Amino acid sequence: MNNNYVISDFATYMPMRCSMQRFGHERQQMHDYFEITLIVDGSCNLQMDEHLYRLQTGDLFCVNPHTLHELQGIDCVSITILFDQTVFEQILPVPAHPQFFCVSSVSDETQTVALDQLRSYVARVVKNNVDKLSGYELRNWSYIYALMDITYNHFRIQSSAASEKKNYKYAMRISEISQIIQKRYTENLTLNEVAEEVHLSVPYLSKFFTEYYGMNFLTCLNQYRLNHAVHELLNTDKNIDEIAADSGFSSSHAFVTTFKKEFHLLPNIYRREQKRRNESPEFIMEQHDYIAGLKKYLQDSQGTQVLPA
């Protein structure tokens, strides 16, 4: 069973989403944001770019926008920060659309200090948004800029201009397709309609989905619908028929079938178990314990604070 605790979410004054999650299996996903995830407790496997990485407590990894990735573990706890990388691209030096590689379990010794800095800033982001002291919104921006500065200077992939241009071309195509699906997933959207909008042939687009999304078009479309459905299950009192319609499923039966295949539970049972779990004193105490445990990342080996209070 996966549990998610949102520490801060996107808003006009909030440049990021920060959350803590306990998971056994995080389904395959792709999003528009740059992701930094810190493993707070447990161990897991990260599947990304056709490679498998073993992660332990304290490991940290980054995910580029529009990159398919998947986590598998047993009662693993992580902190994830998402933010829009394009906010920085207008001020970044060449290349303006960088790609990064950061997986601490396979990093070299020259990156040790930078990894410690990333852990410190992740911890600082969490503390800042839990405490919510005066001016915390401004500090959020400063921490996100610091995270981008560290990743840009220590984990940027060095590539040729031609390779950079090609990567950017495909990234923009993925972004365009993702935006269309995000905008129209509640409709009876077809592969033909998407192909027409992006000026590609249907066979080419079908192959593109398999190659770059790691799934076919319908599966990808249903991922967007399921994400919306899960949000409504956990944050509204709408019934299953309403959620199915709001999320773009053709019927409540189609929704329940797709949901059960993905989560191995009926939607109502998933909602009830998540609500019971999130409201239990044990879960609230567990959140507090893990957040308090991040304090060690704010100090160096001598117990001195790495960052100012």
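A residue counts as buried when its relative accessible area is under 20%. By that cut-off Cys220, at 3% relative accessibility, is buried. Let us keep this yardstick in hand as we walk through the structure, which is a predicted model.

Start with the overall picture. The chain is built from eleven helices and seven strands. Of its 309 residues, 47% count as buried. Contacts across the sequence are a good thing to look for next: among contacts in the chain with a separation of 6 or more, 68% come from residues 24 or more positions apart.

Now to the aromatic rings, of which the structure holds twelve pairs. Take Phe10 and Tyr33 to begin with: their ring centres are 4.7 Å apart and their planes meet at 25°, so this pair is stacked. The cut-off behind that word is an angle under 30 degrees. Phe10 sits in the loop between strand 1 (3-8) and strand 2 (16-29), while Tyr33 sits in the loop between strand 2 and strand 3 (34-41), so the two rings tie together parts that are 23 residues apart in sequence. Are these two rings buried or exposed? Phe10 has a relative accessible area of 30% and is therefore partly exposed; Tyr33, with 29%, is partly exposed too.

A second pair, Tyr53 and Phe101, has another geometry. Here the ring centres lie 6.0 Å apart and the planes are at 55°, which makes the pair tilted. This pair also links distant parts of the chain: Tyr53 belongs to strand 5 (residues 51-55), and Phe101 to the loop between helix 1 (86-89) and helix 2 (112-131), 48 residues apart. Tyr53 is buried, with a relative accessible area of 11%, whereas Phe101 is partly exposed at 36%.

Further along the chain, ring pairs join Phe249, Phe255, Phe259, Phe263 and Tyr270 into a cluster. Phe249 has a charged neighbour as well: Arg225 lies over the face of its ring, at 6.0 Å from the ring centre. You can find a similar arrangement at Tyr152, where Arg156 lies over the face of the ring, 4.3 Å from the centre.

Some of these cluster residues turn up again in helix packing. Helix 7 (residues 217-235) and helix 9 (residues 252-263) pack at an angle of about 90°, and their axes are 11 Å apart. An angle of 65 to 115 degrees counts as roughly perpendicular, so helix 7 is roughly perpendicular to helix 9. On the helix 7 side the contact is made by Asn222, Gln223, Leu226, Ala229, Val230 and Leu233, and on the helix 9 side by Phe255, Thr258, Phe259, Glu262 and Phe263.

Helix 5 (residues 191-198) and helix 6 (residues 202-213) offer another crossing, with axes that come within 9 Å and cross at roughly 100°. These two helices are therefore roughly perpendicular to each other as well. Leu191, Asn192, Val194 and Ala195 of helix 5 meet Val202, Leu205, Ser206 and Phe209 of helix 6.

Finally, let us come back to the cysteines. How many disulfides does the whole structure hold? A search finds zero. Cys44 is in no disulfide, and the nearest cysteine sulfur, that of Cys76, is 3.9 Å away. The cut-off for a disulfide is a pair of sulfur atoms within 2.5 Å. At 0% relative accessibility, Cys44 counts as buried, and Cys220, where we began, is buried at 3%.

Methods:
Residues are numbered from 1 along each chain as its sequence is written. This is a predicted model: local features need pLDDT of at least 70, side-chain atom pairs count only at pLDDT 80 or more; totals for chains, interfaces and linings use all residues. Side-chain values use heavy atoms; hydrogens and water are left out. Rings of Phe, Tyr and Trp (its six-membered ring) pair if their centres lie within 6.5 Å; planes under 30 degrees apart count as stacked, over 60 as edge-to-face and the rest as tilted. Helices (H or I, at least four residues) and strands (E, at least two) are DSSP runs, numbered from the N terminus. Buried means under 20% relative accessible area, exposed over 50%, partly exposed in between (1.4 Å probe, protein chains only). A charge sits over a ring if NZ of Lys or CZ of Arg is within 6 Å of the ring centre and within 35 degrees of the ring normal. Axes are lines fitted to C-alpha atoms, for helices over the stretch in contact, and angles run from 0 to 180 degrees between N-to-C directions. Angles under 35 degrees count as roughly parallel, over 145 as roughly antiparallel, 65 to 115 as roughly perpendicular and the rest as oblique. Contact means heavy atoms within 4.5 Å.
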